[in-house]
Amino acid sequence: MTGLDLRPGTPQAHPSTLRVLVVEDNPGDAALVATMLAEVAPGVHELHHARRASEGVERLLGAGFDCVLLDLSLPDAHGTEALGLLRTAALDVPIVVLSGRRDEAVAIGAVQEGAQDYLIKGEVDGRLLVRSIAYAMERKRAEVELAHQALHDALTGLPNRVLLLDRLAQALTRMERRKGRLAVLFCDLDRFKVVNDSLGHAAGDELLVTVADRLEGILRAGDTAARFGGDEFVVLCEELDGERDAVRVAERIVAALAQPVRLGDDVIHVHVSIGISVGEAAHARPEQLVSDADAAMYRAKGRGGSPFEVFGAGMRERASERLAIETALHQALGRDELRLHFQPQVGMTTGEVNGVEALVRWQHPKRGLLLPGAFIDAAEETGLIHRLGTWVLEQACRQSVAWGGRLLMSVNLSARQVLHPDLPETVARVLRETGCDPSTLCFEVTETAVMDDVDGITVVLEDLKRLGATLAIDDFGTGYSSLRALQQFPFDVVKIDRSFVGGIASSEQEAAIVAAVISLSHALGLRTVAEGIETVEHLDCLRTLGCDTGQGFYFARPCAASQPQGA
């Protein structure tokens, strides 16, 4: 009776007809169901009949059905076994059990196994059956929708982190039976925060949707593009020959996202950094492949040049080291292992200490006193730089108050710190809590950091100026846009990088560069501080050129506040 239309004398199904599969070994019971439904809702239900569970599975796999009415006593399956077989064949089709057994335990077990309802033959009329089918379909729709929401990103509709990792695990399992390799590509949009800050979050959301659409547009049918969170997307590609194929995918992604995006009246050019990890089932784990791709992405972003990087063994070692440092640094912040050292800044004409630079150190329990180079990069990459930076600011302000506010206290800000939207508020809070005079506080920002996001950093620097703080551009002359930086940003001080000071006494070219920087700074009303003064020759040359302030080992090495050198 496969495919038999059980509606007695009903016309051709209309568009709103519900296709119902009756899995029942008794033809009389199946015919009774058809009669009851036709009497209450004529023309609404198109019934098809299968006598065995295997036949029902075959029908579900071959055509779309809106609901299944299932008897649990079948020739080839009994009880919840039949239910399990049919659910596996069509997870999104609701199943109503229509059983001749009044057994509460069986009924509960059926519902727990995924049945939407449990009805008893002989106690069901047409109205109850129609209502049960309608409710089952509605509950299944809600269930499917909730499952979709749990596994997909609400904004873009792409799979989320949970679903991506599940698909990656399944792909690795398939690789055990097939030849080939898979690749995970971790994609991070460069400077996405600028779009949010300058055009608003609605424009940022629109950009993310566009990126998602373009990713899906260039991938093969079996590949997966997922949104991992924020402006991070992950692409999973299966059945690749190797690394070269993965690189080709990365090239397609870069090309697709490079096309301009119009957001209202603005045109945005999207740049992306991509990390690639290539996996083999024998030794790959989903989380590790994603982590490896993430590490490669950071390498691509930090290195510049090519927008993508393939993960190598050395990166895993560096990633492990970074994780170890991150974990230990978390503990260091809670165990009072951080220290502040201060290096004096000396007036070139008076010889008096008029300021200090606060420099963080880590008193590591095993490795001893660590300089920033050993942990700042890890703090930057993991986001710990914000907690670390706040700690430095609090300690520096307290020390400034302890010294009576006699010295200008310089505090360094990294690129990630200065772009954090809460920085001005954090500074204001610390000033209130410590009682520090903002006019005694100087924030040093590197030239590279300020040119990384001109609009965003301008806003933050102006907020800091309104609080009353002094601003210094650090490492001046080492970037590509030095003069532009002096014009665009509200700086008060220019710090001349040590790389120029080191050769000032022996190189006419270095001396000419430093002289030009000092002259330009003074013309713009800015003070100058020369870093890296180590000899009396450095000191004499800088005095002759008119530099205002000097800092370096010639005067003093950084030391703890308990060991003041002129302070």
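Nine bridges join strand E15 (residues 338-347) to strand E16 in an antiparallel arrangement. The model is predicted. Strand E16 (residues 353-364) is mostly covered, with nine of its 12 residues buried. The points below treat the pairings of E16, then two open sheets of five strands, one with mixed pairing and one with parallel pairing, together with the helices that pack on the mixed sheet.

**Strand E16 and its partners**

- E15 and E16 form a hairpin with five residues between them, and Gly 351 in the turn has a positive phi of about 75°.
- Across the pairing of E15 with E16, Arg 339 stands opposite Arg 361 in E16.
- E16 also pairs with strand E17 (residues 368-370), in the antiparallel sense and over three bridges.
- Three residues separate E16 from E17 in the hairpin that they form, and His 364 stands opposite Gly 368 in E17.
- With strand E18 (residues 408-413), E16 pairs in the parallel sense over four bridges; the bridge partner of Gly 355 in E18 is Leu 408.

**The mixed sheet**

- The strand order of this open sheet is E9-E10-E8-E13-E14, and its pairing is mixed.
- Strand E9 (224-229) and strand E14 (308-310) stand at the edges with a single partner strand each, so one side of each has no neighbour in the sheet.
- From one strand to the next, the twist averages 20°.
- Seven of the nine residues of E10 are buried, so this strand is largely enclosed by the rest of the structure.
- E9 and strand E10 (residues 232-240) pair in the antiparallel sense over five bridges.
- Bridge partners in E10 include Phe 233 for Arg 227 and Leu 236 for Thr 224.
- A hairpin with two residues between its strands is formed by E9 and E10, and Gly 230 in the turn has a positive phi of about 60°.
- E8 and E10 run antiparallel and are joined by seven bridges; Asp 188 stands opposite Glu 232 in E10.

**Helices on the mixed sheet**

- Helix H6 (residues 161-175) packs on the sheet, where it touches strand E8 (181-189), E9, E10 and strand E13 (272-279).
- The direction of H6 makes about 15° with that of E10.
- Helix H9 (residues 243-258) lies across E8, E10, E13 and E14, and runs at about 160° to E13.

**Packing of H8 with H9**

- Helix H8 (residues 201-218) packs with H9 at an angle of about 135°, and the two axes are 10 Å apart.
- That angle makes H8 oblique to H9, and H8 passes H9 in a right-handed crossing.
- On the H8 side, Val 211, Arg 214, Leu 215 and Ile 218 meet Arg 252, Ile 253, Ala 256 and Leu 257 in H9.
- By class, this contact has six nonpolar, two charged and no polar residues.

**The parallel sheet**

- The order of the five strands in this open sheet is E2-E1-E3-E6-E7, with parallel pairing.
- Strand E2 (45-50) and strand E7 (117-120) are the edge strands, each of which pairs on one side only.
- Direction ignored, neighbouring strands of this sheet are turned by 25° against each other on average.
- Strand E6 (residues 95-99) pairs with E7 in the parallel sense over four bridges, and the bridge partner of Ser 99 in E7 is Ile 120.

Conventions. Residues are numbered from 1 along each chain as its sequence is written. This is a predicted model: local features need pLDDT of at least 70, side-chain atom pairs count only at pLDDT 80 or more; totals for chains, interfaces and linings use all residues. Side-chain values use heavy atoms; hydrogens and water are left out. Two strands pair if DSSP finds at least two bridges between them. Axes are lines fitted to C-alpha atoms, for helices over the stretch in contact, and angles run from 0 to 180 degrees between N-to-C directions. Contact means heavy atoms within 4.5 Å. Angles under 35 degrees count as roughly parallel, over 145 as roughly antiparallel, 65 to 115 as roughly perpendicular and the rest as oblique. A crossing is left-handed if the near helix is turned anticlockwise from the far one by less than a right angle, and right-handed if clockwise. Ala, Val, Leu, Ile, Met, Phe, Trp, Tyr, Cys and Pro count as nonpolar, Asp, Glu, Lys and Arg as charged, and the others, Gly among them, as polar. Buried means under 20% relative accessible area, exposed over 50%, partly exposed in between (1.4 Å probe, protein chains only).
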